[in-house]
Amino acid sequence: MSRAFPSSLPLSRHRIDRDHDTRSDPAALDRLWSSADTRVLVLNRGLALASTGSAPSGWDGFGDRPPSIRTELALLRPDEVAGDVSDETAVRLYLGVLLDAHDDPTGPPVFAISVPDARADALVAERPGASWVNLRLVATDLDDSAAGVFTEALAMMNWHAVSSHCPRCGATTTVESGGWVRRCTVEGVELFPRTDAAVIVGIVDAEERLLLGSNALWEKNRYSLLAGFVEPGESLEAAAIREVGEESGVVIADPQYVGSQPWPFPASLMVGFMARVAEDGASGERPDGDEIIDLRWFSREEIVDPDNGFLLPGPSSIARAIIERWYGGPLVPRTTPSAVALPADAAADDRPVEPGPGQG
Ligand SMILES: [Zn+2]
C-alpha cells in the first residue's frame with residue numbers, strides 16, 4: 001500500500017497524539033512522569049540516545065545511505081533519568097501519547113529531556129551498543145513512531161536552547177505547559193515555540209526536465225532543488241516565485257503545494273511546491289553566483305544514469321522526495337564518496353539551514 005506523498009516524507013511521519021489538554025495540567029504531568037509505562041527520549045547537543053545502531057561511518061548524510069546496523073532510539077524509564085530534571089531550569093518536555101495499531105492513544109506517554117555532555121557520556125558508557133545519533137542521518141532508519149518523536153523533541157529543544165531570555169525585554173524565562181510555553185519573569189507574557197517557514201520548489205520545463213542547482217557551499221557535483229526562507233509579510237507562493245527568480249532568473253507560474261516536512265536544523269518547516277516555467281519565463285537560467293553557482297536541467301534519463309557523476313540530496317530530505325516524485329519512483333541507490341569535509345552549516349540537504357547572509 002503506497003502512502004500519500006505528504007505523510008510519507010521521512011520527518012513528517014509520526015505515531016503520536018500530542019495530547020494538548022494534558023500540557024496545562026501540572027498534576028497530570030507529574031502522574032505521567034511517575035508512571036512505569038512512561039518513556040523518555042534523551043537528547044544532547046541535538047543528538048538522540050540510541051540503544052543500537054548509528055550513522056554509517058564516513059557518511060555525511062548526502063546521497064544514499066550505506067548499509068549499517070539499524071538504529072533504535074533508547075526510550076528510558078523516568079526513574080533512569082530522574083536526576084536529570086531535578087534542576088529547576090531543566091526542561092521536562094511532554095511529547096504526547098503514542099498511538100496503537102488502531103490509531104488510539106493507548107501507548108506509552110513520552111517525554112524528552114536534554115542532558116549536558118558529562119551526563120551524555122555516562123549514559124552511553126552504561127549501555128553497551130548505545131550511541132548518540134543525528135536525526136538527519138538516521139531518519140529513514142527509524143519507524144514512523146521514532147521518527148516523529150525525535151523530530152518533535154529536536155525541534156522543541158532547539159527552541160528552548162535559544163529561549164532562556166525574553167526576546168522583548170531580556171529577562172529570564174520559566175518553562176510551563178509541559179515545555180510548550182515559556183513565560184517572561186518580568187512581563188509575565190507567554191512565549192511560544194516558533195517555526196521558520198521555507199519554500200522548496202521542483203521546477204519543470206516544457207520538456208519535462210527538472211531544474212537543480214549546486215550550492216556554493218557544496219562540492220561541485222552536488223545538485224538539489226532551489227529553496228529559501230519565506231519573508232515576513234509574504235505568502236508561500238510569492239516566496240516560491242521570488243526565491244526561484246533570485247537564485248536562478250527563471251520565472252515560474254502557479255506553484256502547486258505538494259507536501260511539507262519539519263526540518264529542525266534548527267527550526268525550519270520545508271514547504272514543497274512543484275511549478276512550471278512561465279510561458280515567457282524560459283529565457284535561460286542564470287545562477288545568482290552567490291548561493292547558487294550552477295544550474296542544470298535534468299531529464300529523467302540523466303537523473304537515473306549511474307555514470308552521471310552527480311550527487312543528489314540525502315534520503316531524509318524533502319528535496320530527495322520531490323525529485324523522486326517527479327521521476328516517478330525511487331532513484332537507484334548510488335555509491336557516495338567517503339567522508340566529505342563540509343562547513344557545518346552546509347551539512348544539510350534542504351537549504352535553508354539557518355537564516356543568514358545570502359539567505360535572502
Ligand atoms: Zn519580557
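**Exercise 1.** Determine whether Asp-141 is buried or exposed, and identify the part of the chain to which its salt bridge ties it.

*Solution.* Asp-141 has a relative accessibility of 9%, so Asp-141 counts as buried (buried means under 20% relative accessible area, exposed over 50%, partly exposed in between, with a 1.4 Å probe and protein chains only). The model is predicted, local features need pLDDT of at least 70, side-chain atom pairs count only at pLDDT 80 or more, and totals for chains, interfaces and linings use all residues. Residues are numbered from 1 along each chain as its sequence is written, and side-chain values use heavy atoms, without hydrogens and water.

Next, Asp-141 forms a salt bridge with Arg-70, their closest N and O atoms being 3.5 Å apart (a salt bridge is a side-chain nitrogen of Lys or Arg within 4 Å of a carboxyl oxygen of Asp or Glu). Arg-70 lies in the loop between strands S3 and S4, and Asp-141 in the loop between helices H5 and H6, so the pair ties together parts that are 71 residues apart in sequence (helices, H or I of at least four residues, and strands, E of at least two, are DSSP runs numbered from the N terminus). Arg-70 is partly exposed, at 46%.

**Exercise 2.** State which arrangement the four donor atoms form around the zinc ion.

*Solution.* The donors are Cys-166 (SG), Cys-169 (SG), Cys-184 (SG) and Glu-187 (OE), 2.0 to 2.4 Å from the zinc ion (donors are N, O and S atoms within 2.8 Å of the metal, or 3.2 Å for Na, K and Ca; water is not among the atoms, so sites may look incomplete). Their angles of 99 to 122° make the arrangement tetrahedral (four donors, all angles between 85 and 135 degrees). Finally, Cys-184 is buried at 3%, whereas Glu-187 is partly exposed at 33%.

Definitions and conventions. Four donors count as tetrahedral if all angles lie between 85 and 135 degrees; four count as square planar and six as octahedral if opposite donors are over 155 degrees apart and all others between 65 and 115; anything else is irregular.
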